[in-house]
Amino acid sequence: MPREQSLNGATALVDDLIEKAVALGASDIHLEPAESNMKVRYRVDGLLQNGITVHRSMVPSVLARIKVMVNLDIAETRLPQDGKCHLQAGGKEIDIRVSTVPTVHGEKAVLRLLERSSISRTLDELGMPLAQLKEYRKALNRPQGLILVTGPTGSGKTTTLYASLNEIMSGEKNIVTIEDPVEYQLQGMTQINVNYKTGLTFEKGLRAVLRQDPDIIMVGEIRDRETARTAMQAAMTGHLVFSTLHTSSAAGAVERLADMGVEPYLSAASLSCVVAQRLIRLTCPKCRDCRFTGYRSRTGVYEMIFLNDDLRRMVLNRAAKKDIEEFYKMKTIYRDAVEKAEKGLTDREEILRVMAED
(Lines give C-alpha, C1' and ligand atoms only; values in the text may rest on other atoms or scores of the structure.)
Protein backbone atom coordinates (compact mmCIF):
# COMPACT_ATOMS: atom_id res chain seq x y z
CA MET A 1 0.00 0.00 0.00
CA PRO A 2 1.49 3.40 -0.99
CA ARG A 3 2.49 5.53 2.00
CA GLU A 4 0.07 8.39 1.17
CA GLN A 5 -2.83 5.96 0.82
CA SER A 6 -1.88 4.32 4.12
CA LEU A 7 -1.78 7.67 5.93
CA ASN A 8 -5.13 8.72 4.49
CA GLY A 9 -6.60 5.40 5.54
CA ALA A 10 -5.14 5.79 9.03
CA THR A 11 -6.63 9.28 9.40
CA ALA A 12 -10.06 8.00 8.45
CA LEU A 13 -9.70 5.00 10.77
CA VAL A 14 -8.67 7.11 13.78
CA ASP A 15 -11.57 9.48 13.11
CA ASP A 16 -13.93 6.50 13.01
CA LEU A 17 -12.55 5.13 16.28
CA ILE A 18 -13.12 8.44 18.02
CA GLU A 19 -16.62 8.86 16.56
CA LYS A 20 -17.46 5.33 17.71
CA ALA A 21 -16.14 6.07 21.21
CA VAL A 22 -18.26 9.22 21.48
CA ALA A 23 -21.34 7.34 20.28
CA LEU A 24 -20.76 4.65 22.92
CA GLY A 25 -20.13 7.19 25.65
CA ALA A 26 -16.65 5.71 26.16
CA SER A 27 -14.16 7.34 28.48
CA ASP A 28 -11.09 5.69 26.91
CA ILE A 29 -9.91 4.01 23.73
CA HIS A 30 -7.23 1.32 24.15
CA LEU A 31 -5.07 0.40 21.14
CA GLU A 32 -3.30 -2.77 22.20
CA PRO A 33 -0.54 -4.27 20.02
CA ALA A 34 -0.38 -8.02 19.50
CA GLU A 35 2.06 -10.10 17.49
CA SER A 36 0.21 -9.78 14.19
CA ASN A 37 -2.34 -6.96 14.70
CA MET A 38 -3.65 -4.31 17.06
CA LYS A 39 -6.81 -4.75 19.10
CA VAL A 40 -9.09 -1.83 19.92
CA ARG A 41 -11.11 -1.74 23.14
CA TYR A 42 -13.43 0.90 24.58
CA ARG A 43 -14.03 1.63 28.26
CA VAL A 44 -17.76 2.16 28.63
CA ASP A 45 -19.37 2.74 32.04
CA GLY A 46 -16.16 1.60 33.70
CA LEU A 47 -15.70 -1.70 31.84
CA LEU A 48 -13.72 -2.52 28.70
CA GLN A 49 -15.49 -3.90 25.65
CA ASN A 50 -14.00 -5.15 22.39
CA GLY A 51 -13.84 -3.06 19.24
CA ILE A 52 -12.23 -3.75 15.88
CA THR A 53 -8.89 -5.39 15.11
CA VAL A 54 -6.43 -3.28 13.08
CA HIS A 55 -4.32 -5.18 10.53
CA ARG A 56 -0.60 -5.04 11.21
CA SER A 57 0.03 -3.20 7.91
CA MET A 58 -1.98 -0.25 9.23
CA VAL A 59 -0.60 -0.14 12.78
CA PRO A 60 2.42 2.17 12.19
CA SER A 61 0.28 4.67 10.27
CA VAL A 62 -2.47 4.64 12.91
CA LEU A 63 0.02 5.30 15.70
CA ALA A 64 1.71 8.02 13.64
CA ARG A 65 -1.64 9.72 13.01
CA ILE A 66 -2.47 9.72 16.72
CA LYS A 67 0.96 11.15 17.58
CA VAL A 68 0.56 13.91 15.00
CA MET A 69 -2.83 14.84 16.49
CA VAL A 70 -1.30 15.49 19.92
CA ASN A 71 2.12 16.79 18.83
CA LEU A 72 4.22 13.78 19.86
CA ASP A 73 7.48 12.66 18.28
CA ILE A 74 6.46 10.10 15.66
CA ALA A 75 10.03 8.78 15.43
CA GLU A 76 10.24 8.00 19.16
CA THR A 77 8.97 4.49 19.83
CA ARG A 78 11.17 3.42 22.76
CA LEU A 79 10.01 5.86 25.43
CA PRO A 80 6.58 6.73 26.90
CA GLN A 81 5.02 9.94 25.59
CA ASP A 82 1.99 12.03 26.57
CA GLY A 83 0.07 14.66 24.65
CA LYS A 84 -3.33 16.24 24.25
CA CYS A 85 -5.57 17.94 21.72
CA HIS A 86 -9.07 19.33 21.27
CA LEU A 87 -11.49 18.37 18.52
CA GLN A 88 -15.13 17.95 17.59
CA ALA A 89 -16.61 14.48 17.25
CA GLY A 90 -20.18 13.30 17.15
CA GLY A 91 -21.33 16.90 17.42
CA LYS A 92 -19.53 17.32 20.76
CA GLU A 93 -16.50 19.25 21.99
CA ILE A 94 -13.90 16.67 23.08
CA ASP A 95 -10.53 17.03 24.80
CA ILE A 96 -8.28 14.02 24.20
CA ARG A 97 -5.29 12.99 26.28
CA VAL A 98 -2.99 10.40 24.73
CA SER A 99 -0.48 8.17 26.50
CA THR A 100 1.86 5.86 24.60
CA VAL A 101 4.16 3.19 26.06
CA PRO A 102 6.49 0.67 24.40
CA THR A 103 5.55 -3.01 24.78
CA VAL A 104 7.06 -6.27 23.55
CA HIS A 105 4.80 -6.11 20.47
CA GLY A 106 5.16 -2.39 19.78
CA GLU A 107 3.61 0.77 21.15
CA LYS A 108 0.33 0.78 23.05
CA ALA A 109 -1.75 3.96 22.99
CA VAL A 110 -4.58 4.94 25.32
CA LEU A 111 -6.80 7.88 24.42
CA ARG A 112 -8.73 9.46 27.30
CA LEU A 113 -11.83 11.29 26.03
CA LEU A 114 -13.02 14.23 28.09
CA GLU A 115 -16.33 15.63 26.93
CA ARG A 116 -16.50 19.28 27.90
CA SER A 117 -20.27 19.31 28.38
CA SER A 118 -20.07 16.45 30.91
CA ILE A 119 -18.25 18.62 33.42
CA SER A 120 -21.23 20.97 33.56
CA ARG A 121 -23.17 18.38 35.58
CA THR A 122 -24.67 19.78 38.75
CA LEU A 123 -24.59 18.28 42.22
CA ASP A 124 -28.27 17.38 41.79
CA GLU A 125 -27.33 15.12 38.87
CA LEU A 126 -24.65 13.07 40.64
CA GLY A 127 -26.92 10.77 42.63
CA MET A 128 -26.20 12.05 46.16
CA PRO A 129 -28.96 11.11 48.67
CA LEU A 130 -31.06 14.19 49.35
CA ALA A 131 -30.41 14.36 53.11
CA GLN A 132 -26.64 14.18 52.61
CA LEU A 133 -26.76 16.62 49.70
CA LYS A 134 -28.47 19.18 51.92
CA GLU A 135 -25.71 18.90 54.53
CA TYR A 136 -23.01 18.88 51.84
CA ARG A 137 -24.30 22.17 50.48
CA LYS A 138 -23.99 23.66 53.95
CA ALA A 139 -20.31 22.63 53.99
CA LEU A 140 -19.81 24.20 50.55
CA ASN A 141 -21.14 27.53 51.74
CA ARG A 142 -18.87 27.82 54.76
CA PRO A 143 -16.00 30.29 54.34
CA GLN A 144 -13.33 27.78 55.37
CA GLY A 145 -12.63 24.13 56.04
CA LEU A 146 -11.27 21.06 54.24
CA ILE A 147 -13.63 18.93 52.15
CA LEU A 148 -12.19 15.55 51.16
CA VAL A 149 -13.61 13.30 48.43
CA THR A 150 -12.35 9.72 48.64
CA GLY A 151 -12.57 6.57 46.57
CA PRO A 152 -10.54 4.45 44.15
CA THR A 153 -9.40 5.59 40.71
CA GLY A 154 -12.37 5.99 38.38
CA SER A 155 -14.95 6.51 41.13
CA GLY A 156 -16.00 9.98 39.94
CA LYS A 157 -14.09 12.10 42.45
CA THR A 158 -13.05 14.73 39.90
CA THR A 159 -16.62 15.11 38.64
CA THR A 160 -17.83 15.68 42.20
CA LEU A 161 -15.13 18.30 42.80
CA TYR A 162 -15.89 20.19 39.59
CA ALA A 163 -19.64 20.09 40.28
CA SER A 164 -18.93 21.49 43.74
CA LEU A 165 -16.78 24.31 42.36
CA ASN A 166 -19.34 25.13 39.69
CA GLU A 167 -22.03 25.47 42.36
CA ILE A 168 -20.11 27.98 44.46
CA MET A 169 -18.33 29.80 41.65
CA SER A 170 -18.72 33.54 41.85
CA GLY A 171 -17.11 36.61 40.37
CA GLU A 172 -16.47 37.72 43.93
CA LYS A 173 -14.25 34.72 44.71
CA ASN A 174 -10.73 33.80 43.62
CA ILE A 175 -10.80 30.06 42.87
CA VAL A 176 -7.53 28.26 42.14
CA THR A 177 -7.00 24.58 41.30
CA ILE A 178 -3.80 22.53 41.30
CA GLU A 179 -4.23 19.37 39.23
CA ASP A 180 -2.25 16.46 37.78
CA PRO A 181 -3.17 17.09 35.04
CA VAL A 182 -5.88 19.70 34.46
CA GLU A 183 -8.62 17.52 32.97
CA TYR A 184 -11.16 20.19 32.06
CA GLN A 185 -10.50 23.88 31.48
CA LEU A 186 -13.16 25.88 33.29
CA GLN A 187 -14.05 29.54 32.96
CA GLY A 188 -13.90 31.70 36.05
CA MET A 189 -11.02 30.04 37.85
CA THR A 190 -7.24 29.73 37.70
CA GLN A 191 -5.98 26.21 36.95
CA ILE A 192 -2.40 25.04 37.49
CA ASN A 193 -0.79 21.86 36.15
CA VAL A 194 1.54 19.94 38.45
CA ASN A 195 4.92 19.50 36.75
CA TYR A 196 7.30 17.11 38.50
CA LYS A 197 10.05 17.69 35.93
CA THR A 198 10.33 21.32 37.02
CA GLY A 199 9.68 20.58 40.68
CA LEU A 200 6.13 21.96 40.73
CA THR A 201 4.53 19.45 43.11
CA PHE A 202 1.13 19.67 44.77
CA GLU A 203 2.75 20.94 47.96
CA LYS A 204 4.89 23.59 46.27
CA GLY A 205 2.01 24.67 44.07
CA LEU A 206 -0.24 24.98 47.09
CA ARG A 207 2.27 27.14 48.96
CA ALA A 208 2.58 29.41 45.92
CA VAL A 209 -1.21 29.64 45.55
CA LEU A 210 -1.58 30.76 49.16
CA ARG A 211 0.38 33.88 48.21
CA GLN A 212 -2.15 34.60 45.42
CA ASP A 213 -4.98 35.76 47.71
CA PRO A 214 -7.26 32.74 47.10
CA ASP A 215 -10.73 32.21 48.55
CA ILE A 216 -11.23 28.62 47.36
CA ILE A 217 -8.51 26.09 46.53
CA MET A 218 -8.77 22.66 44.95
CA VAL A 219 -5.77 20.35 45.34
CA GLY A 220 -6.15 17.44 42.95
CA GLU A 221 -4.88 14.84 45.41
CA ILE A 222 -3.28 14.60 48.83
CA ARG A 223 -0.40 12.19 48.41
CA ASP A 224 1.92 13.00 51.29
CA ARG A 225 2.16 14.52 54.76
CA GLU A 226 3.49 17.88 53.57
CA THR A 227 0.62 18.46 51.14
CA ALA A 228 -1.91 17.37 53.76
CA ARG A 229 -0.49 19.68 56.43
CA THR A 230 -0.35 22.67 54.07
CA ALA A 231 -3.93 22.06 52.88
CA MET A 232 -5.14 21.79 56.47
CA GLN A 233 -3.35 24.93 57.56
CA ALA A 234 -4.95 26.76 54.63
CA ALA A 235 -8.36 25.42 55.68
CA MET A 236 -7.80 26.77 59.19
CA THR A 237 -6.85 30.26 58.04
CA GLY A 238 -9.87 31.42 56.07
CA HIS A 239 -9.81 29.24 52.94
CA LEU A 240 -12.25 26.64 51.65
CA VAL A 241 -10.10 23.74 50.44
CA PHE A 242 -11.10 20.71 48.37
CA SER A 243 -8.99 17.63 47.73
CA THR A 244 -9.12 13.86 47.16
CA LEU A 245 -7.68 10.89 48.98
CA HIS A 246 -7.45 7.21 48.03
CA THR A 247 -9.41 5.45 50.76
CA SER A 248 -12.36 3.07 50.57
CA SER A 249 -14.57 4.79 53.16
CA ALA A 250 -15.26 8.19 54.66
CA ALA A 251 -14.10 7.19 58.15
CA GLY A 252 -11.05 5.52 56.61
CA ALA A 253 -9.83 8.95 55.46
CA VAL A 254 -9.11 9.90 59.07
CA GLU A 255 -6.97 6.78 59.55
CA ARG A 256 -5.22 7.39 56.24
CA LEU A 257 -4.24 10.92 57.27
CA ALA A 258 -2.90 9.61 60.57
CA ASP A 259 -0.90 6.94 58.70
CA MET A 260 0.63 9.75 56.62
CA GLY A 261 1.91 11.31 59.83
CA VAL A 262 -0.60 14.17 59.99
CA GLU A 263 -1.09 15.35 63.56
CA PRO A 264 -4.62 14.58 64.90
CA TYR A 265 -5.13 18.17 66.01
CA LEU A 266 -4.77 19.34 62.39
CA SER A 267 -7.31 16.83 61.11
CA ALA A 268 -9.72 17.62 63.93
CA ALA A 269 -9.48 21.38 63.45
CA SER A 270 -9.56 21.53 59.64
CA LEU A 271 -11.84 18.76 58.36
CA SER A 272 -15.34 19.89 57.50
CA CYS A 273 -16.70 16.99 55.46
CA VAL A 274 -15.50 13.67 54.05
CA VAL A 275 -17.28 12.10 51.07
CA ALA A 276 -16.64 8.52 49.95
CA GLN A 277 -18.05 7.39 46.62
CA ARG A 278 -18.24 4.77 43.88
CA LEU A 279 -19.92 4.64 40.47
CA ILE A 280 -22.50 1.97 39.66
CA ARG A 281 -24.09 1.19 36.33
CA LEU A 282 -27.78 1.90 35.87
CA THR A 283 -30.03 -0.76 34.42
CA CYS A 284 -31.24 0.13 30.94
CA PRO A 285 -34.68 1.77 31.39
CA LYS A 286 -36.00 0.53 28.03
CA CYS A 287 -34.94 -3.02 27.31
CA ARG A 288 -32.37 -4.02 30.01
CA ASP A 289 -30.28 -5.32 27.07
CA CYS A 290 -28.55 -2.15 25.87
CA ARG A 291 -25.47 -3.16 23.84
CA PHE A 292 -26.10 -6.67 25.25
CA THR A 293 -25.04 -5.54 28.76
CA GLY A 294 -28.35 -4.57 30.35
CA TYR A 295 -26.84 -1.30 31.60
CA ARG A 296 -26.51 2.24 30.36
CA SER A 297 -24.82 5.18 32.09
CA ARG A 298 -23.74 5.37 35.74
CA THR A 299 -24.60 7.18 38.93
CA GLY A 300 -22.77 7.76 42.17
CA VAL A 301 -23.29 5.98 45.47
CA TYR A 302 -22.11 7.84 48.55
CA GLU A 303 -21.40 7.95 52.24
CA MET A 304 -20.56 11.17 54.07
CA ILE A 305 -19.23 12.34 57.41
CA PHE A 306 -19.81 15.89 58.58
CA LEU A 307 -17.52 16.87 61.44
CA ASN A 308 -19.20 18.05 64.64
CA ASP A 309 -17.69 18.66 68.09
CA ASP A 310 -18.07 15.03 69.16
CA LEU A 311 -16.40 13.72 66.02
CA ARG A 312 -13.61 16.25 66.31
CA ARG A 313 -12.88 14.97 69.81
CA MET A 314 -12.79 11.41 68.48
CA VAL A 315 -10.37 12.40 65.71
CA LEU A 316 -8.23 14.26 68.23
CA ASN A 317 -8.09 11.11 70.36
CA ARG A 318 -7.10 8.96 67.37
CA ALA A 319 -10.34 6.98 67.26
CA ALA A 320 -10.28 3.94 64.98
CA LYS A 321 -12.27 3.80 61.75
CA LYS A 322 -14.80 1.30 63.13
CA ASP A 323 -15.38 3.44 66.23
CA ILE A 324 -16.12 6.51 64.11
CA GLU A 325 -18.52 4.51 61.93
CA GLU A 326 -20.32 3.05 64.95
CA PHE A 327 -20.64 6.45 66.60
CA TYR A 328 -21.73 8.35 63.51
CA LYS A 329 -24.19 5.69 62.23
CA MET A 330 -23.87 7.04 58.69
CA LYS A 331 -25.65 5.71 55.66
CA THR A 332 -22.92 3.60 54.04
CA ILE A 333 -22.07 3.39 50.35
CA TYR A 334 -23.48 -0.13 50.36
CA ARG A 335 -26.78 1.03 51.89
CA ASP A 336 -27.06 3.83 49.34
CA ALA A 337 -26.47 1.30 46.53
CA VAL A 338 -29.11 -1.07 47.94
CA GLU A 339 -31.65 1.75 48.16
CA LYS A 340 -30.99 2.63 44.51
CA ALA A 341 -31.51 -1.04 43.60
CA GLU A 342 -34.80 -1.07 45.52
CA LYS A 343 -35.90 1.86 43.33
CA GLY A 344 -35.05 -0.17 40.22
CA LEU A 345 -32.07 1.98 39.22
CA THR A 346 -29.51 -0.83 39.42
CA ASP A 347 -29.37 -4.49 40.46
CA ARG A 348 -27.74 -6.88 42.89
CA GLU A 349 -25.12 -8.12 40.43
CA GLU A 350 -23.84 -4.59 39.79
CA ILE A 351 -23.71 -3.80 43.51
CA LEU A 352 -21.70 -6.96 44.20
CA ARG A 353 -19.32 -6.17 41.33
CA VAL A 354 -18.63 -2.63 42.52
CA MET A 355 -18.53 -3.40 46.22
CA ALA A 356 -16.50 -6.62 45.95
CA GLU A 357 -13.33 -4.97 47.24
CA ASP A 358 -15.19 -3.75 50.34
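These are worked exercises on a predicted model, each with a step-by-step solution.

**Exercise 1. The nonpolar cores**

Task: Find how many residues the largest nonpolar core has and which residues have the most contacts inside it. Then list the contacts of Leu 257, leaving aside its neighbours within four places in sequence.

Solution:
- Step 1. The largest nonpolar core has 46 residues.
- Step 2. Inside this core, the residues with the most contacts are Leu 148, Leu 257, Leu 271, Ile 305 and Ile 324.
- Step 3. Take Leu 257 and set aside its neighbours within four places in sequence: Leu 148, Ala 228, Met 232, Leu 245, Val 262, Ser 267 and Leu 271 are in contact with Leu 257.
- Step 4. There is also a second, separate core, with 33 residues, including Ala 10, Ala 21, Met 69 and Val 70.
- Step 5. As background, nonpolar side chains in soluble globular proteins tend to be buried together.

**Exercise 2. Three strands and two hairpins**

Task: Work out in which sense β1 and β2 run, and how many bridges join them. Then do likewise for β2 and β3.

Solution:
- Step 1. Strand β1 covers residues 28-33 and strand β2 residues 37-44; they run antiparallel and are joined by six bridges.
- Step 2. To fix the register, start at Asp 28, whose bridge partner in β2 is Arg 43.
- Step 3. Three residues lie between β1 and β2, and the two strands form a hairpin.
- Step 4. Move on to strand β3 (residues 47-55), which pairs with β2 in the antiparallel sense over seven bridges.
- Step 5. Here Val 44 stands opposite Leu 47 in β3.
- Step 6. β2 and β3 also form a hairpin, with two residues between them, and Asp 45 is in its turn.

**Exercise 3. Backbone details in the loops**

Task: For Asp 45 and Lys 329, decide which is buried and which is exposed. Then find which residues the cis peptide bond joins.

Solution:
- Step 1. Asp 45 is found in the loop between β2 and β3, and its phi is near 50 degrees, a positive value in a residue other than glycine.
- Step 2. The cut-off for buried is under 20% relative accessible area. Asp 45 counts as buried because its relative accessibility is 13%.
- Step 3. Lys 329 lies in the loop between α10 (321-328) and α11 (333-342). Lys 329 is not a glycine either, yet has a positive phi of about 50 degrees.
- Step 4. Exposed means over 50%. With 69% relative accessibility, Lys 329 therefore counts as exposed.
- Step 5. The cis peptide bond joins Asp 180 and Pro 181, with omega about -10 degrees. Pro 181 has its place in the loop between β8 (175-179) and β9 (190-193).

**Exercise 4. Checking helix α4**

Task: Compare the expected span of α4 with the separation of its end C-alpha atoms, and name its buried residues.

Solution:
- Step 1. Helix α4 runs over residues 157-168, which is twelve residues.
- Step 2. The expected span is 1.5 Å times one less than the number of residues, so α4 should span 16 Å.
- Step 3. The end C-alpha atoms of α4 are 17 Å apart, which agrees.
- Step 4. The buried residues of α4 are Lys 157, Thr 160, Leu 161, Tyr 162, Ala 163, Ser 164, Leu 165 and Ile 168.

**Exercise 5. Salt bridges**

Task: State how many salt bridges the structure holds. Then describe the pairs formed by Lys 92, Arg 223 and Arg 353.

Solution:
- Step 1. The structure holds 22 salt bridges.
- Step 2. In one of them, Lys 92 pairs with Glu 115, and the closest N and O atoms are 3.7 Å apart. Lys 92 lies in strand β5 (residues 92-103) and Glu 115 in strand β6 (residues 106-115), so this pair ties together parts that are 23 residues apart in sequence.
- Step 3. Lys 92 counts as partly exposed at 32% relative accessibility, and Glu 115 counts as partly exposed at 23%.
- Step 4. Arg 223 forms a salt bridge with Glu 221, where the closest N and O atoms are 3.1 Å apart. Arg 223 is partly exposed at 37%, whereas Glu 221 counts as buried at 17%.
- Step 5. Arg 353 and Glu 350 meet through their side chains at 2.8 Å, N to O. Both lie in helix α12 (residues 348-355), three residues apart, about one turn of the helix.
- Step 6. Arg 353 is partly exposed at 36%, while Glu 350 counts as buried at 1%.
- Step 7. Finally, look for a network of salt bridges: Lys 331, Arg 335, Glu 339 and Glu 342 are linked in one.

Methods
Residues numbered from 1 in each chain as written. Predicted model: local features only at pLDDT ≥ 70, side-chain atom pairs only at ≥ 80, totals over all residues. Heavy atoms only, no water. Core = buried A, V, L, I, M, F, W, Y, C linked by side-chain atoms within 4.5 Å. Buried < 20%, exposed > 50% of the residue type's maximum accessible area, 1.4 Å probe, protein only. Contact = heavy atoms within 4.5 Å. Pairing = 2+ DSSP bridges. Helix = DSSP H or I, 4+ residues; strand = E, 2+ residues; numbered from the N terminus. Salt bridge = Lys/Arg side-chain N within 4 Å of Asp/Glu carboxyl O.
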